[in-house]
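Thanks for asking me to look this one over. Here are my notes, set out as numbered points so that you can check each against the coordinates.

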Amino acid sequence: MSEPRSPTELWAAEYQAGGVPSSVRIAPSGAVVWAVGALQRRNFPLRIAVDVGCGRGRNSLFLAAMGLRVTALDFTANAIAALTQEAKKRRLDDKIRAVVHDVVEPWPIGGQDVDLVIDTFCFKHITQREWRQGYKQHLLDVLSVRGHYLISFASVGDGYYGRYTQPTDVASGAAMVVDPVNGIPSVLFSREAIVKFFAPELVLLDELKNNKPVVIHGATYERETYALLFRRSPRHFVS
Ligand SMILES: C[S@@+](CC[C@H](N)C(=O)[O-])C[C@H]1O[C@@H](n2cnc3c(N)ncnc32)[C@H](O)[C@@H]1O
């Protein structure tokens, strides 16, 4: 019998096969474009960003092209290699530092005050509660007092992953699923579970719900995703 594959092996294979949409997309996530627009309209600083679980870096490339300095973190080496190559090609390599890193470990940001942390579809793959607590602490450690955090995730109502959940998990707001095609585990959260998890240090500023048909593994499913944009609460800031 073969050994079970580690998360990084599963992701490396996923990037080679190009299965879930964010593995292959080149255009930035609509959630990131929306969040940057919302912050620019409110005149918030946008100089330094961290892209958590950046994958092949479509969002890092977008932010760098807008002039931000980006640290892009992902534990999958072939995705980071693809981002490094693309950043060079687009002459954005002076703006992007792409690092192979597990984001449940302290983030290698080097004392910078980060204006914006983005996470598009990475947090949902952090399957243990204590790892998620570690992630939250690392986020709070780097985010400046005027900083913002964007998270996008497939919710418990998602038409693709929702087929593999247990009703009791759905009711709890955090339902474990394993994608049967690539073997990658995720947690589907409710919007309320995410808001509660990041409180009180982060306060919801704006949100976007997206229901649309998306092709995954060759078939079309009605996806249900959320983008939640949080601001840091100055009352709970410890410098
Ligand atoms: C669905 S992909 C999204 C990629 C990218 N954010 C995007 O939207 O194009 C999830 C990414 O999270 C990364 N990931 C999952 N768990 C991680 C962890 N603990 N540390 C670092 N990266 C992780 C995977 O390697 C994968 O690249």
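The points below go from the sheet to the core, and then to the helices and a hairpin.

1. A word on the source before anything else: this is a predicted model. Please read every value below in that light.

2. I would start with the sheet. Seven strands form an open sheet in the order β3-β2-β1-β4-β5-β9-β8, and the pairing is mixed. At the edges sit β3 and β8 (202–216), each of which pairs on one side only. From one strand to the next, the twist averages 15 degrees.

3. Next, the pairings within that sheet. β1 and β4 run parallel and are joined by three bridges; in this pair, D51 has I118 of β4 as its bridge partner. β4 and β5 are also parallel, with six bridges between them, and here V117 stands opposite Y149 in β5. β5 and β9 (residues 219–232) run antiparallel and share seven bridges, where I151 is partnered by L228 of β9. As background, strands of a sheet pair through backbone hydrogen bonds, in either a parallel or an antiparallel sense.

4. How enclosed is strand β4 by the rest of the structure? Seven of its seven residues are buried, so β4 is largely enclosed. V117 is a good residue to click on: leaving aside neighbours within four places in sequence, it is in contact with V50, V52, L139, L143 and Y149.

5. That leads to the core. The largest nonpolar core contains 59 residues, and V117 and L150 have the most contacts inside it. Strand β5 (residues 143–154) supplies the largest share of this core, six residues. In general, nonpolar side chains of soluble globular proteins tend to be buried together.

6. Two helices pack on the sheet. Helix α6 (residues 129–142) lies across β1 (48–52), β4 (114–120) and β5, and runs at about 145 degrees to β5. Helix α8 (residues 191–198) touches β5, β8 and β9, with its direction at about 25 degrees to that of β9.

7. Helix α3 (residues 30–41) has 12 residues and reaches 17 Å from its first C-alpha to its last, close to the 16 Å expected at 1.5 Å a residue. Its buried residues are A31, V32, A35, V36 and L39. Viewed down the axis of α3, these fall within an arc of 130 degrees, so they line one face of the helix. The reason such a pattern arises is simple: an α-helix has 3.6 residues a turn, so residues three or four places apart point the same way. Among the elements covering the buried residues of α3 are α4, β4, β5, β8 and β9. On its other side, G37, Q40 and R41 are exposed. After α3 comes N43, with a positive phi near 60 degrees.

8. Helix α5 (residues 77–89) can be read in the same way. At 1.5 Å a residue its 13 residues should span 18 Å, and its end C-alpha atoms are indeed 18 Å apart. A79, I80, L83 and A87 are its buried residues. Down the axis of α5 they fall within an arc of 95 degrees, so they line one face. They pack against α1 (7–17), α4 (58–65), β2 (69–74) and β3 (96–100), whereas the face turned away carries the exposed K88 and K89. Just after α5, R91 takes a positive phi of about 55 degrees.

9. Is C54 buried or exposed? It is buried, because 29 other C-beta atoms lie within 10 Å, and 20 or more is the cut-off for calling a residue buried. C54 is placed in the loop between β1 and α4. Not counting residues up to four places away in sequence, it touches N59, S60, A72, L73, D74 and L83. The C-alpha atoms of C54 and D119 are 7.5 Å apart, although 65 residues separate them along the chain.

10. Last, the hairpin of β6 and β7. These strands pair in the antiparallel sense over five bridges, with M176 partnered by V187 of β7. Side chains alternate along β6 (residues 174–178): A175 and V177 point to one face and are buried, while A174, M176 and V178 point to the other and are not. Six residues lie between the strands of this hairpin, where G183 takes a positive phi near 75 degrees.

Key: Residues are numbered from 1 along each chain as its sequence is written. This is a predicted model: local features need pLDDT of at least 70, side-chain atom pairs count only at pLDDT 80 or more; totals for chains, interfaces and linings use all residues. Helices (H or I, at least four residues) and strands (E, at least two) are DSSP runs, numbered from the N terminus. The expected span of a helix is 1.5 Å times one less than its number of residues. A residue is buried if 20 or more other C-beta atoms lie within 10 Å of its own, exposed if 12 or fewer, and partly exposed in between; C-beta atoms are placed from the backbone. The arc is that of the directions from the helix axis to the C-beta atoms. Two residues are in contact if their C-beta atoms, placed from the backbone, lie within 7 Å. A nonpolar core is a set of buried Ala, Val, Leu, Ile, Met, Phe, Trp, Tyr and Cys residues joined through C-beta atoms within 7 Å. Two strands pair if DSSP finds at least two bridges between them. Axes are lines fitted to C-alpha atoms, for helices over the stretch in contact, and angles run from 0 to 180 degrees between N-to-C directions.
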